[in-house]
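Trainee: I'd like to learn how to read a model like this one. Could we go through it together?

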Amino acid sequence: MVTKTSKQWSPCYKNIISLKVILFFSIWFCALFSKAQHVSDTLKIKPITIFAKLIIKEEAGKTSLKIDSVSMIKALTVNLSDLISQNTPIFIKEYGRGAMATASFRGTAPSHTQVLWNGVNLNSPMLGMVDFSMIPVYFTDNVTLLYGSASLSERSGALGGIVKLENSTQWHDKLSGRFLTGVGSYGSKDEFIKISGGNKKIQSQTRAFYNYSDNDYPFVNKLIADIDPETGSYLYPTQRNLNSKYQNYGLLQEIYLHPTPKTILTFRYWYQHNERTLPRLLTNETDANANINRQSEQAHRPLTELKYYGNKGILNVSAGANIQLSKYLLKTKISGAPDQIVTDSRSRFESYFIKASYNYQLSDKLSFITSANSDINQVNSTNTPPNQQPQGYDQQRIDHSLSVQLSNSFNDRLSANISARQDITGDKPTPVIPSAGIEYHPLAVKGYFLKGSLSRNYHQPSLNDLYYIPGGNPRLKAEEGYMADVGSGLSDTIGTIKLHGSITGYCSGINNWIIWLPTPQGYWEPYNMKRVNTSGLEFNVGISGKAESFDFKINGNYAVNKSINRDAPHSWADESVGKQLPFIPRKSANLVANISTMRYHFTWLWTYYSERFTTSSNDKSSNFDVLYPYYMNNLNFGKEIHLNHGIFNLEIKILNLFNETYRTVLQNQMPGRNYSLLIRYDF
Amino acid sequence: MIINRLNIPLLAFTLLAFAGCMKDDLWVKSHQSTNRMTHGVFIINEGNFMYGNSSLSFYDPETHTLQNDIFFNINGLPLGDVAQSMTIHNNQGFIVINNSGKIYVINSSDGKYTGKITGLTSPRYIHFVNNEKAYISDLYAGKITIVNPVTLQITGVILTPGHASTEQMVQWNDLLFVSCWSFDNKIIVIDTRTDQVINEITTGKQPGGVVLDKFNKIWTLCDGGWVRNGTGTRVPMLQRIDPVLQLVEKSFKLTSDGAPSRLAINGSGDSIMFINNGIWKLGVTQSSLDDHPFLNTGSHLYYSLGIDPHTSEIYISDAIDYQQQGIIYHYSSLGAKIDSFKTGIIPGSFCFN
């Protein structure tokens, strides 16, 4: 058993505490000289965009969902995986608290969800996917989901959809900021600071965060047992979730320039360091000195962006990079012998991009958008087996893309758009990627709409898929998806109550779906499955308003999804064809309810995923073939205190309210009821 | 007013009705009665790496009855992550759980869990020297662990300097021959009286299986390792070793389009078999391999092979897509198909009772 070693991990923590105190008083001092800005989450419910409202012709027919500002503030201290699982129907597969989290957007694979940060693709060109646990909500101001066809307005390849993260500023002539500190169960600590200042010509925003957790929650392990020598009964050990601590910190600096009334120039730089160990499975009873692991990542993300607002159009030019260094070390200590390195895996990827787009309004009703971008992706990946030379690959791929979109408002009630995109991957052009959307408001009732979209899309294999040693398959084809959406929705106001609801149906067929399987040579190799079909329904409903002194807001999502394997059977005994893909739930739902009064606020978050199969045949002959349905309840409550120069917010979070014993994957125990206390100060 | 002050708590209460209750206890606890397992074959299903869904099946070839997931059903505990092998000694079944770092011990006739050996690193196989001493090989530690099979306590280690892992073991007189498979090309020789490494024999790349034939010759199957495209050719081979001279005395080159694996020997010790796409068979006195495999692979991806030492009947597993119950094909010693049945995920090895 490993003992608590937080001090080994956080030698800088004492300094950070001192720094925290200094910063706190610095901010307080700054606040005295700044004009109070009332940033409040006590549900002064501002108009919050949840789904399509007025017809924006460029977005006609496209399905998107913007996470509202209150939810963003409530989720400040969590990572993107928690924000998404609590507010959207996307399934997040989480390998434990603080551990890797991947997304399944409309039943697709993790690599089919792309994450863009102000246009920078955060997907690893090596793995093709994003670890959502590594993206802090602190560093983004707006989160929007673009479903299926809607993703093509940004780039190709997102067969599920795009999670779009954006930052923004306000051109205020004053200093403002936010300071947050928190402590929680299992030695968890959260610190965040944001300072914004400038004038109408220049704005600066600086954000920094630090979080750490021993993550050593206790539990009774029912998957292993000793036998009582007297009674013969089982003795289940009470254990702690050891080897799963994490430490993350980062800095985001943004400079916004407004040199002319029509020009905005932005510079951003995001640095982040993540470090964690991966816990053992519940059935693991290895030597405490065996299989000691550590994973670390460093990311550098510089970005510059120019926006020019012409009389009839907007020009946007941006360039940036996403550079990430990763290291994973697994070793065993052997008494009487040197430490044995079992796995020493290192990788470095560099993604550079340049993009230009121009949105030209040909008339009041007709617009034309064109964009072009080039990406250079380079991966150097090595793995050093024991007593061996490193082996790996060093590969580069250059991708280009050109797109045009024509959008028209036929009248106040009907808009449509069509687009075409041409990608060149490496030196090979993909077939043209077309897309079309239409939206119609048939009734005079404001907010009622019908919409639909169609598209084709291609997702290229990752560089690991192509070149990993051993097993990379350079003969892989791009995954080809055909997608269709239809939807309807309504929003209305009755007295002080605002209501909205929407339903969207979708289906897609993905040919050449990439999957890794074992080979006769003994290693795994990716190959193209024949086809996977996905289809489903998504519901969103919400109500908000005021009742006497109470402000309230409730928003819920419910999704039903089928992701069906339509591959050719491997043999007569193969029972996977026609079955739901493993680990993708058929149903998911979530609900967020906010109530506030007299500056007290109360939020309840509820999340549900139906059972998930762990086998491709959807067998149920063993308990381990199915993960039981997942329900989770979290509760936040707090109080705002308004001062002359700012607002204090004191908040308590209770996670896993009903102290459920549960797991999100087969063999990782999740924590029971746990708490955190947050103090936030905004000025 | 649609919602008034009284309705707010009511609304909150109603919302709480959505709260669920997960049943982890019901999910993991299970006790079911099973038939006795006095004669037949245990099938050790590896399960998926890091899923912890390995399982144990038992098949009775006389009655053609199959019992799946018996360890969990009988004992209410999962077997663990990547069950690698099983050996029966004194009516006790020792199941080596590679990525759980332990060996479960069961009563081999009723499957009841009686004890375990823990604190290992990445155990692969257990070999019994006598009733008080057994050796455990390890994939991720350069050592052999010595245990007492009665007390189930670790009593010592044998370091294997220069060899990061150890694999299969076979004993001739007081000498134990241990293959060093992972990125290695040696078989080390251990004197079981002194627990010392006394020699090492150079073989082809990555020697895995080792068996002893009726003439006291040791056979090993080298899969040839892995060679980066354009930098050479894999040379998998089957080799015969003289345990007296401790030298390779004969090598059979194998086709390089597969990964030869799962070396097995029949009950009379005169015929060995292995997988190399199809199933290959070689009499221990043969001077060359046959031109064609004993059993063709067809549409299958054969994963494992076992030969009943009592009847020489053959069991072959196909893991299909490695994410569903694998299938076992049961053949006579002459290659006539007798039966087929589905067990657990990735049926990886066989243990005959």
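Trainee: Let's begin with the contacts in chain B with a separation of 6 or more: what percentage of them do residues 24 or more positions apart account for?

Mentor: First, keep in mind that this is a predicted model. In chain B, 41% of the contacts with a separation of 6 or more come from residues 24 or more positions apart.

Trainee: And what about secondary structure: how many helices and strands does chain B have?

Mentor: Chain B has three helices and 27 strands. The general idea for strands goes like this: strands of a sheet pair through backbone hydrogen bonds, either parallel or antiparallel. Let's look at one case. Strands 16, 17, 18 and 19 of chain B, in that order, form an open sheet with antiparallel pairing.

Trainee: Why do strand 16 and strand 19 of chain B each have one side without a neighbour in the sheet?

Mentor: Strand 16 (207–212) and strand 19 (247–253) of chain B are at the edges with a single partner strand each, so one side of each has no neighbour in the sheet. Going from one strand to the next, the twist averages 25 degrees.

Trainee: How many bridges join strand 17 and strand 18 of chain B?

Mentor: Five bridges, with strand 17 (residues 218–222) and strand 18 (residues 237–242) of chain B paired in the antiparallel sense. To see it on screen, find B:L221, which stands opposite B:L238 in strand 18 of chain B.

Trainee: Which strands are the edge strands in the open sheet with the order 12-13-14-15 in chain B?

Mentor: That sheet of four strands has antiparallel pairing too. Its edge strands are strand 12 (169–172) and strand 15 (196–202) of chain B, each pairing on one side only. Its twist averages 25 degrees from one strand to the next. Strand 14 (residues 186–191) of chain B pairs with strand 15 of chain B in the antiparallel sense over six bridges, and B:I187 stands opposite B:I201 in strand 15 of chain B.

Trainee: Now a single residue. Is B:K186 buried or exposed?

Mentor: For this you count neighbours: a residue is buried if 20 or more other C-beta atoms lie within 10 Å of its own, and exposed if 12 or fewer do. B:K186 has 19 other C-beta atoms within 10 Å, so B:K186 is partly exposed. You'll find B:K186 in strand 14 of chain B.

Trainee: Which residues is B:K186 in contact with, leaving aside its neighbours within four places in sequence?

Mentor: B:K186 is in contact with B:H163, B:C180, B:E200, B:I201, B:T202 and B:T203. As for distance, 9.7 Å separates the C-alpha atoms of B:K186 and B:T166, which are 20 residues apart along the chain.

Trainee: What about the inside: which residues have the most contacts inside the largest nonpolar core?

Mentor: They are B:I95, B:V178, B:A264 and B:F274, in a core of 89 residues. Take B:A264: beyond its neighbours within four places in sequence, its contacts include B:V211, B:F274 and B:L305. A second, separate core has 69 residues, among them A:L65 and A:M670. For chain B as a whole, 48% of the 353 residues are buried.

Trainee: Last one: how many residues does the contact take from chain A and from chain B?

Mentor: The contact takes 69 residues from chain A and 63 residues from chain B. On the side of chain B that touches chain A, helix 1 (7–16), helix 2 (24–28) and strand 25 (325–331) of chain B each supply at least two residues. Helix 2 of chain B gives the largest share, four residues. By type, the residues on that side of chain B divide into 28 nonpolar, 23 polar and 12 charged.

How values were computed: Residues are numbered from 1 along each chain as its sequence is written. Chains are lettered from A and ligands numbered from 1 in the order in which they are written. This is a predicted model: local features need pLDDT of at least 70, side-chain atom pairs count only at pLDDT 80 or more; totals for chains, interfaces and linings use all residues. Two residues are in contact if their C-beta atoms, placed from the backbone, lie within 7 Å. Ala, Val, Leu, Ile, Met, Phe, Trp, Tyr, Cys and Pro count as nonpolar, Asp, Glu, Lys and Arg as charged, and the others, Gly among them, as polar. Two strands pair if DSSP finds at least two bridges between them. Axes are lines fitted to C-alpha atoms, for helices over the stretch in contact, and angles run from 0 to 180 degrees between N-to-C directions. A nonpolar core is a set of buried Ala, Val, Leu, Ile, Met, Phe, Trp, Tyr and Cys residues joined through C-beta atoms within 7 Å.
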